[in-house]
Amino acid sequence: MAYAVTNNKNSLSFISKDSQQLGLQCPNYASLESTNSGKVLEITEDQFISLQKGIKQFTYDGSTITLVDNTLNFPQNEQSLIDLINFHKEVIDQALIKHKNNAFGIELNSFKTVLENIDTSSITYPMTKSLMQYCLDNDNDIISVLQMI
């Protein structure tokens, strides 16, 4: 089971692929509701993947989770892809401060390596898919910014 974690205003804070990752991302997740800090919501694997890939946006009204289509902007040229990759690497570096010595840190480092090894000069622009979909299409596991807490 995957999870979506909201803040106390029902906005999405982060997603987790399973309970192990949830425990690493937020060790005190069990106390979120009792302290009115947020909620841990079970989501399906399909919902998780659509959020992870950025093709859906999350809304929660306090009782119902709704995912709506997200308008994606694909990189139009090599520099915009390089900028996007660098953004993801910066977010990974921030997440690694917290996760450098745990299993999630290993996943973060693996994804950072995937990003560093993308040959941006070999890609046809404008891209017709997202960076996340490009990585998946090349048999790489991905980690969404929504997971990097």
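A disulfide is counted here when a pair of cysteine sulfur atoms lies within 2.5 Å. The exercises below concern a predicted model.

**Exercise 1.** Work out how many disulfides the model contains by this rule, and state whether C26 and C135 are buried or exposed.

*Solution.* Begin with the general idea that a disulfide is a covalent bond between the sulfur atoms of two cysteines. Next, apply the distance rule to the model, for which the count comes to zero disulfides. Then turn to the accessibility of the two cysteines, remembering that a residue is called buried when its relative accessible area is under 20%. C26 has a relative accessibility of 9%, so C26 counts as buried, and C135, at 1%, also counts as buried.

**Exercise 2.** Describe the largest nonpolar core, and say which elements give two or more residues to it.

*Solution.* First establish the extent of this core, which has 21 residues. The residues with the most contacts inside it are L108, F111, L115, I118, L131, C135 and M148. Two or more residues are given to this core by each of the elements α3 (78–99), α4 and α5, and the largest share, six residues, comes from α3. Now look at one member in detail: when its neighbours within four places in sequence are left aside, L131 is in contact with L81, L84, I85, H88, L115 and I118. A second core, separate from this one, has nine residues, and L41, I43, F48 and L51 are among them. As background, nonpolar side chains tend to be buried together in soluble globular proteins.

**Exercise 3.** Find where the backbone shows a positive phi in N36 and D139, and decide whether these residues are buried or exposed.

*Solution.* Start with N36, which is not a glycine and yet has a positive phi of about 55 degrees. N36 is found in the loop between α1 (19–25) and β3 (38–43). Because exposed means a relative accessible area over 50%, N36, with a value of 60%, is exposed. Continue with D139, which is likewise a residue other than glycine and has a positive phi near 60 degrees. D139 is found in the segment after α5, and at 75% relative accessibility D139 counts as exposed.

**Exercise 4.** Determine whether the peptide bond from Y125 to P126 is cis or trans, and locate P126 in the chain.

*Solution.* Consider the omega angle of this bond, which is near -5 degrees; the peptide bond from Y125 to P126 is cis. To place the proline, look between the helices α4 (103–116) and α5 (131–137), where P126 is found in the loop.

Methods: Residues are numbered from 1 along each chain as its sequence is written. This is a predicted model: local features need pLDDT of at least 70, side-chain atom pairs count only at pLDDT 80 or more; totals for chains, interfaces and linings use all residues. Side-chain values use heavy atoms; hydrogens and water are left out. Helices (H or I, at least four residues) and strands (E, at least two) are DSSP runs, numbered from the N terminus. Buried means under 20% relative accessible area, exposed over 50%, partly exposed in between (1.4 Å probe, protein chains only). A nonpolar core is a set of buried Ala, Val, Leu, Ile, Met, Phe, Trp, Tyr and Cys residues joined through side-chain atoms within 4.5 Å. Contact means heavy atoms within 4.5 Å.
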